[in-house]
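Student: I have a model open and want to practise reading it. Can we go feature by feature?
Tutor: Yes. Bring it up and ask.

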Amino acid sequence: QEGRCLYVILLMALYWCTEALPLAVSPQYFLDTNFLFLSGLIMASAIEEWNLHRRIALRVLMLVGVQPARLILGMMLTTSFLSMWLSNTASTAMMLPIANAILKSLFGEKDTSKDMNRENEENQASLQQNKLYTVPTEMQFLASTEDKDLTEEKEVASDALSDLKKEEEYKTNIWKGFLISIPYAASIGGTATLTGTAPNLILLGQLKSYFPECDVVNFGSWFMFAFPLMLIFLLLGWLWISILYGGIDLRGWRTKKSNIRVDAEARAREVIKEDYQKLGPTKFAEQAIFFFFCMFAIMLFSRDPKFIPGWASFFAPGFISDAVTGITIVIILFFFPSQKPSLKWWFDLKAPNTETQPLLTWRKAQETVPWNIILLLGGGFAMAKGCEESGLSVWIGGRLHPLEGVPPPVAVILITIVIALFTEFASNTATIIIFLPVLAELAIRLKVNPLYLMIPGTIGCSYAFMLPVSTPPNSIAFSSGHLMVKDMARTGLLMNFMGVLLLSLAMNTWAKSIFQLGTFPAWANIHAENATSLLTAVENVTLSAL
């Protein structure tokens with residue numbers, strides 16, 4: 001072990017002395033995109049530090065109501081909103097305990113109810129084996145009365161058991177609907193902002209690498225495109241989950257709710273209120289975090305929204321980027337006080353000089369920020385740059401002749417389907433790193449705007465709903481023990497289908513005006529010319545070698 005450590009030290013020293021590799025290894029690890037992502041992660045850490053996310057979640061649930069369909073909607077809205085700013089995994093992990101607490105107040109402990117139901121079924125089977133019928137215990141002394149009375153009692157008992165079975169099935173379905181809606185909402189919500197999920201940032205980074213002159217994709221333009229898509233998909237997903245799992249009963253919507261369900265909803269309402277009251281009055285730190293969070297979103301959105309001049313137009317072109325904006329705002333969190341400052345302190349010479357805690361400490365940021373994801377992004381950008389510089393992406397593009405006759409709208413649908421299926425079994429980050437160079441070259445071959453193919457490929461990576469292993473949010477929900485693979489498969493199949501159609505609709509309607517998709521842009525022309533010259537050089541080298 002000591003020898004291995006010495007070997008690593010000597011190897012690093014050799015590289016440093018000879019500079020066989022650049023000292024920083026690769027500048028791709030420190031692109032603007034990485035710092036934009038870092039600013040979002042730091043903001044998320046501050047939100048989690050002061051429980052602002054929990055206050056927002058409980059407040060939304062209090063507003064939407066406690067009927068199962070409304071609660072599912074509230075869960076999905078809250079999870080998707082949080083996932084726009086926090087990671088999908090963190091949003092899911094935060095919302096699941098809240099969902100479980102509400103479900104337990106509605107239906108009691110699910111495992112316990114299962115055991116009771118199983119015990120009742122075993123008792124029923126035992127009684128029927130002995131040619132006896134189940135009757136209420138307090139009525140057993142009437143067993144020797146007339147046959148007519150006994151028949152009536154059997155019918156009442158049978159109806160009661162049937163109602164109990166239906167109620168238990170209803171509880172199980174609602175429980176599944178709650179749990180499955182949260183990871184789906186997290187995956188959908190993460191697509192709405194550039195910082196919401198890693199594939200969005202990889203797209204931005206690879207655009208800057210492949211097409212340095214492309215400036216149409218930024219936080220504001222992406223939000224204008226992806227946020228309406230997210231809302232439509234979220235609404236349709238909610239309807240599908242609510243109908244499938246009994247939150248919305250199309251056949252019995254006029255029937256009166258049972259007293260059991262009314263009481264359960266009242267208990268759920270009390271649980272939500274109690275949890276909200278435990279948070280206490282809104283603290284100064286929460287108000288400050290909310291203010292900086294709103295400033296963070298507004299400043300990023302209004303920097304260069306494309307449809308009107310943004311505030312960045314007051315500076316020299318290229319001087320202000322999304323990363324500069326995000327990092328500038330989150331730096332304030334490290335010195336802004338978490339307690340309301342008193343003006344009297346400045347005029348009271350005898351006031352104690354006590355140190356105030358900032359909204360976020362660097363130690364907390366170190367503990368909560370997933371630095372491995374930033375390194376993963378850097379690795380992806382380095383791989384993409386390697387594909388570009390070596391000519392690999394051009395070589396792949398040269399093998400795409402059979403696809404050149406495919407109409408672009410059909411290509412969008414096919415690309416989204418293929419990537420959505422691929423990412424069911426592979427990491428969405430790895431998937432997009434593999435496919436984006438291919439899509440860029442395919443777009444140049446088809447003479448369409450590269451964004452017309454690269455954006456559907458990027459968002460399609462987040463549409464992984466069918467398997468527990470597809471995404472970390474799916475795995476977290478599945479690990480609760482109340483979902484089966486077939487539940488996710490049958491629900492996720494239609495979700496994938498809806499996602500593909502909605503994405504195709506978005507790309508052929510409002511996305512065209514936002515990203516100017518109707519023309520082949522000049523910045524893609526420059527890349528096409530460079531790629532042609534590089535391909536010629538590669539072919540010449542190959543021929544000379546032969």
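Student: How many salt bridges does a search of the whole structure find?
Tutor: The general idea comes first. Side chains of opposite charge can pair when their charged atoms come close. Here the search finds six salt bridges. Keep in mind that this is a predicted model.

Student: Which residue forms a salt bridge with glutamate 49?
Tutor: Lysine 364, with the closest N and O atoms 3.4 Å apart. Glutamate 49 lies in helix α2 and lysine 364 in helix α14, so the pair ties together parts that are 315 residues apart in sequence. Glutamate 49 has a relative accessible area of 30%, so it counts as partly exposed. Lysine 364, at 25%, is also partly exposed.

Student: Where do aspartate 487 and lysine 176 lie?
Tutor: Their side chains meet in a salt bridge at 3.2 Å, N to O. Aspartate 487 is in helix α21 and lysine 176 in helix α7, 311 residues apart. Are they buried or exposed? Aspartate 487 is buried, and so is lysine 176.

Student: What about arginine 303 and aspartate 322?
Tutor: They form a salt bridge too, at 2.6 Å, N to O. Arginine 303 sits in the loop between α11 and α12, and aspartate 322 in helix α12, so this pair ties together parts 19 residues apart in sequence. Buried means under 20% relative accessible area. Arginine 303 has 11%, so it is buried. Aspartate 322 has 7% and is buried as well.

Student: Which residues are linked in a network of salt bridges?
Tutor: Arg55, Lys283 and Glu286.

Student: Back to α2. How should I read a helix?
Tutor: Check span, then cover. Helix α2 covers residues 32-49 and reaches 26 Å from first C-alpha to last, close to the 26 Å expected. Of its 18 residues, 14 are buried.

Student: What follows α2?
Tutor: Asparagine 51, in the loop between α2 and α3. Its phi is positive, about 60°, although it is not a glycine. Lysine 447 likewise has a positive phi of about 60°. Lysine 447 lies in the loop between α18 and α19.

Student: Now the interior. Which residues have the most contacts inside the largest nonpolar core?
Tutor: Phe211, Phe225, Leu453 and Phe515, in a core of 133 residues. Helix α9 gives the most to this core, with 11 residues. Phenylalanine 225 touches several residues, including Ile455, Leu503, Trp510 and Phe515.

Student: And which residues make the nonpolar surface patch of about 540 Å²?
Tutor: Tyr7, Val8, Met12, Tyr15 and Trp16. Valine 8 lies in helix α1. Valine 8 is partly exposed, at 46% relative accessibility.

Note on methods:
Residues numbered from 1 in each chain as written. Predicted model: local features only at pLDDT ≥ 70, side-chain atom pairs only at ≥ 80, totals over all residues. Heavy atoms only, no water. Helix = DSSP H or I, 4+ residues; strand = E, 2+ residues; numbered from the N terminus. Expected span 1.5 Å × (residues − 1). Buried < 20%, exposed > 50% of the residue type's maximum accessible area, 1.4 Å probe, protein only. Core = buried A, V, L, I, M, F, W, Y, C linked by side-chain atoms within 4.5 Å. Contact = heavy atoms within 4.5 Å. Patch = residues over 30% accessible without salt bridge, like charges linked within 9 Å, V, L, I, M, F, W, Y side chains within 5 Å. Areas by Shrake-Rupley, 256 points an atom, 1.4 Å probe, with all protein chains shown as cover. Salt bridge = Lys/Arg side-chain N within 4 Å of Asp/Glu carboxyl O. Lists of a residue's contacts leave out its neighbours within four places in sequence.
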